[in-house]
Amino acid sequence: MVRERTAITAVRFPPGPGTPRLVQGVIAMLAQRRGIPGLRERYGDAFTVNVAGFGRVVVISDPGQVRQVFLAGPGVIENLDDNLGRVFGPGSMFALTGERHRKERKLLVPPFHGRRLAAYERIAAEEADREFASWPSGREFAVMPSMMRITVNVILRAVFGARGQELDALAELLPKAVRLGSVLAAVPIPKTRAKWTPWGRAMALRRDYDAIVDSMIAAAEADPKLDERDDVLALMLQARYDDGSKMANSDIADELLTLLAAGHETTAITLAWAVERLRRNPSVLRDLVAEVDAGGVGPGGAGSGGGELLQAVITEVQRTRPVIDLVGRTVKAESMELGPWILPRGTTIAVSIGLMHENPELFGDPGEFRPSRWMGAKPDLHEWIPFGGGTRRCIGAAFANMEMNVVLRTMLRDFTLEPLPPGTPGERWHFRGIASSPARGGEAIVTRRRERDHD
């Protein structure tokens with residue numbers, strides 16, 4: 001049980017290495033896929049690392065302790081927001097805590113569920129068709145750049161409501177800003193932020209972004225048909241808190257940037273990993289193509305074109321190739337009891353998604369890519385955690401899942417994806433600052449299956 005402890009008590013940290021902070025920082029930041037499993041083998045399901053700029057970090061993967069962390073109240077644990085809040089702004093969900101976070105989340109959850117997903121599904125299909133029209137036939141190429149363009153355009157249209165010049169400007173600016181921000185969020189915050197530094201460049205990109213979004217907000221507020229629009233910007237402008245007040249424009253800008261940053265790169269990388277996994281599992285690929293051709297029913301209901309195996313494949317890709325490996329929290333209480341450990345205020349707790357997903361007690365033969373484990377079964381959201389957990393679980397999870405269903409279904413409907421010979425090694429993990437992608441970008445060879453009828 002997680003308990004807040006108000007009296008001063010002796011702290012008790014899990015064991016951990018005694019190597020210098022710099023060495024531990026290199027392992028934590030640059031060698032997660034090798035270093036963290038090695039520390040677990042040596043010290044168990046909870047261990048402590050000491051990282052320059054972050055202090056003591058307790059890494060956990062015990063299912064019971066992970067569940068406790070996700071269920072702990074905001075008075076005990078809060079989001080680890082020092083860097084992400086500064087990168088995406090004070091009105092970002094990454095920066096908000098306590099009651100303010102609860103109110104904002106309540107306001108933002110509805111647009112990503114229910115009937116609106118059907119409208120967003122149409123946008124995802126259009127963007128997939130547009131991008132796939134340029135795919136080469138019969139030669140190897142990396143799919144990740146294509147997936148990045150699809151996901152950024154889907155978010156710009158569905159979330160920002162961007163069109164024309166605004167869409168083109170944001171599509172040029174935002175991927176650079178998100179890429180830089182993901183790196184800056186993974187390192188300690190410097191004291192100097194001169195314009196020639198990475199932080200200075202990030203601030204310049206943010207100024208350009210704010211100018212575009214301010215113009216979009218002004219145009220939306222003047223739109224007489226605002227209430228007929230389905231994009232999230234329009235819904236934010238019309239939404240009201242419990243006291244009747246509306247969101248500040250600066251908070252809307254922060255939240256739009258957060259939604260894009262959290263959903264663009266991660267979804268695109270997962271799609272690239274899906275291609276990488278399917279090519280190395282030809283029997284799964286064969287069965288999945290048969291399901292797509294049969295017109296299975298996906299998350300959007302009849303006619304959405306997905307199916308049970310497609311959903312199982314997406315779930316298993318996220319289990320075996322989680323794009324983000326660590327979910328961070330910080331102790332806010334005087335101290336907190338977590339299992340046998342007593343952690344003082346300010347301690348960082350990092351839930352290891354990778355270690356959880358590789359736990360044989362939770363997932364039999366965890367090293368195997370086996371989508372059949374999800375057929376007829378839904379994942380436990382405290383064990384399968386690619387979207388995090390608790391009150392901080394990604395609010396765009398359903399949106400991302402819809403995108404992946406639509407993009408993969410469209411790809412397999414229109415192209416034959418060439419499988420690889422048995423025993424072909426998987427692509428290495430490439431650490432990008434926060435996310436980890438296939439090192440070669442999810443290489444593929446495709447041939448077009450048939451001409452589509454556009455009538």
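**Strand pairing, a one-faced helix and a buried arginine**

In the predicted model, Glu337 finds its bridge partner in strand β8, namely Ile342. This pairing belongs to an antiparallel arrangement in which β7 and β8, the latter spanning residues 341-344, are joined by four bridges. The two strands make up a hairpin with two residues between them. Gly339 sits in the turn of this hairpin, and its phi is positive, at about 60 degrees. Strand β7 itself, residues 335-338, is covered on both faces. On one side Ser335 and Glu337 are buried, and on the other side Met336 and Leu338 are buried as well.

A wider view helps to place this hairpin. The protein has 455 residues, 54% of which count as buried, and its secondary structure consists of 15 helices and 14 strands. Among contacts with a separation of 6 or more, 75% are between residues 24 or more positions apart. The exposed area of the protein comes to about 20,100 Å², with carbon and sulfur atoms supplying 54% of that area.

Turning to the helices, α5 covers residues 98-108 and has a set of buried residues: His101, Glu104, Arg105, Leu107 and Leu108. Viewed down the axis of α5, these buried residues fall within an arc of 160 degrees and therefore line one face of the helix. The spacing is easy to follow, because an α-helix has 3.6 residues a turn and residues three or four places apart point the same way. As for what lies against them, the buried residues of α5 pack against two other helices, α10 (232-238) and α11 (249-279).

The loop between β11 (429-431) and β12 (436-438) holds Arg432. Is this arginine, Arg432, buried or exposed? With a relative accessible area of 12%, Arg432 is buried, because that value falls under the 20% limit for burial. Beyond its neighbours within four places in sequence, Arg432 is in contact with Met144, Met148, Arg179, Ser182, Val183, Glu265, Ile269 and Ser437.

Helix α7, residues 144-158, includes Pro145. Pro145 has a relative accessibility of 40% and so counts as partly exposed, as the value lies between the 20% and 50% limits. Pro145 also illustrates how the chain brings distant parts of the sequence together: 296 residues separate it from Gly441 in sequence, yet their C-alpha atoms are 7.6 Å apart in space.

Terms used: Residues are numbered from 1 along each chain as its sequence is written. This is a predicted model: local features need pLDDT of at least 70, side-chain atom pairs count only at pLDDT 80 or more; totals for chains, interfaces and linings use all residues. Side-chain values use heavy atoms; hydrogens and water are left out. Buried means under 20% relative accessible area, exposed over 50%, partly exposed in between (1.4 Å probe, protein chains only). Two strands pair if DSSP finds at least two bridges between them. The arc is that of the directions from the helix axis to the C-beta atoms. Contact means heavy atoms within 4.5 Å. Accessible areas come from the Shrake-Rupley method with a 1.4 Å probe; for residues, only the protein chains shown count as cover.
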